[in-house]
Amino acid sequence: MLTLLHRCGRNLVTVRTVQALNKSYYTTQMGKRVAVVLAGCGVYDGSEIHEASAVLVHLSRGGASVNMFAPNIDQMHVVNHLKGEPSEEKRNVLVESARLARGNIQDLSKLSVKDHDAIIFPGGFGAAKNLCTWAVQGKDCSVNDEVKATLQAFHGEGKPIGLCCISPVLAAKVFPGCEVTVGIEKDDKYPDTTGTAAAISELGCKHVSKSVSESHVDGKNKLVTTSAFMCNAPIHEVFDGIGAMVRDVLKLA
């Protein structure tokens, strides 16, 4: 009986130690103000819903306050997600992003860098179709003027920028010489990484191969990236990788 009590005591100390460490870590992150930029609602023509949700959950767990933004522009096109085919309708990026934000979202033009400590861009095809034209033009794409100005403003103030899935191409286009990850090259679990990494390299940037559960920190430019659904991975692994990205962003903020 005494042996059992001693074992339980040791386990209790271990649990309490972990809880104390977690509390200490998250307390240091309190007060961080983070902007999250969305690109619509839905993986094929907007923000990837699971990625956006994971970003928000990890920011909440980290004690950050969040404001969401999206450009008030038309989507490049609308995709019927059931059929995986374009439809004839038109939709607005800000209006669609409001679905993810539960209505609490602002026009990107209203984002004030001085009111935020960091910014994060979830992935999804909307990042490559609405925030820039990478989906159709690759490395020769153009970045939406407001998105580009926002990235440059945070970078200019030395404030961290988090990007996941395909959205790191925004940084590659705007910040020549930066380092990002979109997954592991020449690995079947990352079917689009090799080609995307090659295009990133052609822009004069460095691609760093990282697994889905990891993030890469470019300390010089304060860029934090993770591959997310660039990898064919179970959703919990994507969730964990986004958590690593968010934690690194908050540490830099």
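**Fold, sheet and local packing of the protein chain**

The protein chain contains 9 helices and 11 strands, where helices (H or I, at least four residues) and strands (E, at least two) are DSSP runs numbered from the N terminus. The model is predicted, and local features need pLDDT of at least 70, side-chain atom pairs count only at pLDDT 80 or more, and totals for chains, interfaces and linings use all residues. Residues are numbered from 1 along each chain as its sequence is written, and side-chain values use heavy atoms, with hydrogens and water left out.

Of the 253 residues in the chain, 49% are buried; buried means under 20% relative accessible area, exposed over 50%, and partly exposed in between (1.4 Å probe, protein chains only). The accessible surface is about 12,200 Å², and carbon and sulfur atoms contribute 52% of it. These areas come from the Shrake-Rupley method with a 1.4 Å probe, and for residues only the protein chains shown count as cover. Among contacts (heavy atoms within 4.5 Å) with a separation of 6 or more, 73% link residues 24 or more positions apart.

An open sheet of 7 strands has the order β5-β2-β1-β6-β7-β11-β10, with mixed pairing. Its edge strands are β5 and β10 (216-218), each of which pairs on one side only. Two strands are taken to pair if DSSP finds at least two bridges between them. Strands of a sheet pair through backbone hydrogen bonds, either parallel or antiparallel.

Strand β1 (residues 33-37) runs parallel to β6 (residues 118-121), and 3 bridges join the two. Ala-35 has Ile-119 of β6 as its bridge partner, and Val-36 is matched with Ile-120 of β6. Helix α2 packs on this sheet, where α2 touches β1, β2, β6 and β7 (161-164), and the direction of α2 makes about 175 degrees with that of β1. Such angles run from 0 to 180 degrees between N-to-C directions, the axes being lines fitted to C-alpha atoms, for helices over the stretch in contact.

On the other side of the β6 pairing, β6 and β7 are parallel and share 3 bridges. Ile-119 is bridged to Ile-161 of β7, and Ile-120 to Gly-162 of β7. Strand β7 also runs parallel to β11, to which 4 bridges join it; here Leu-163 has Thr-225 of β11 as its bridge partner.

In a regular strand the side chains alternate between the two faces of the sheet. In β6, Ala-118 and Ile-120 lie on one side and Ile-119 and Phe-121 on the other, and all are buried, with both faces of the strand covered. In β7, Ile-161 and Leu-163 point one way and Gly-162 and Cys-164 the other way, and all are likewise buried.

Thr-225 is part of strand β11 and is buried, with a relative accessibility of 0%. A polar atom of the Thr-225 side chain lies 2.9 Å from the backbone nitrogen of Thr-181. This is a polar contact, that is, a pair of N or O atoms within 3.5 Å; within protein, one must be able to donate a hydrogen and the other to accept it, and residues adjacent in sequence count only if both atoms are side-chain atoms. Leaving out residues up to four places away in sequence, Thr-225 touches Leu-163, Pro-168, Val-180, Thr-181, Glu-214, Ser-215 and His-216.

Helix α9 (residues 235-252) lies across β1, β6, β7, β10 and β11 (223-226), at about 175 degrees to β11. The loop between β11 and α9 holds Met-230, which is buried at a relative accessible area of 8%. Its contacts, not counting residues up to four places away in sequence, include Cys-165, Ile-166, Val-182, Tyr-190 and Thr-196. The C-alpha atoms of Met-230 and Val-212 are 8.2 Å apart, with these positions 18 residues apart along the chain counted as their separation.

Helix α3 (residues 93-100) has Val-93, Leu-94, Glu-96, Ser-97 and Leu-100 as its buried residues. Seen down the axis of α3, these residues fall within an arc of 160 degrees, so they line one face of the helix; the arc is that of the directions from the helix axis to the C-beta atoms. The face turned away from the buried side carries the exposed residues Val-95 and Arg-99. The cover over the buried residues of α3 includes α2 (49-61), β2 (65-70) and β5 (106-107). At the N-terminal end, α3 is capped by Asn-92, with a side-chain oxygen 2.8 Å from the backbone nitrogen of Leu-94. Just after α3, Arg-102 has a positive phi of about 55 degrees.
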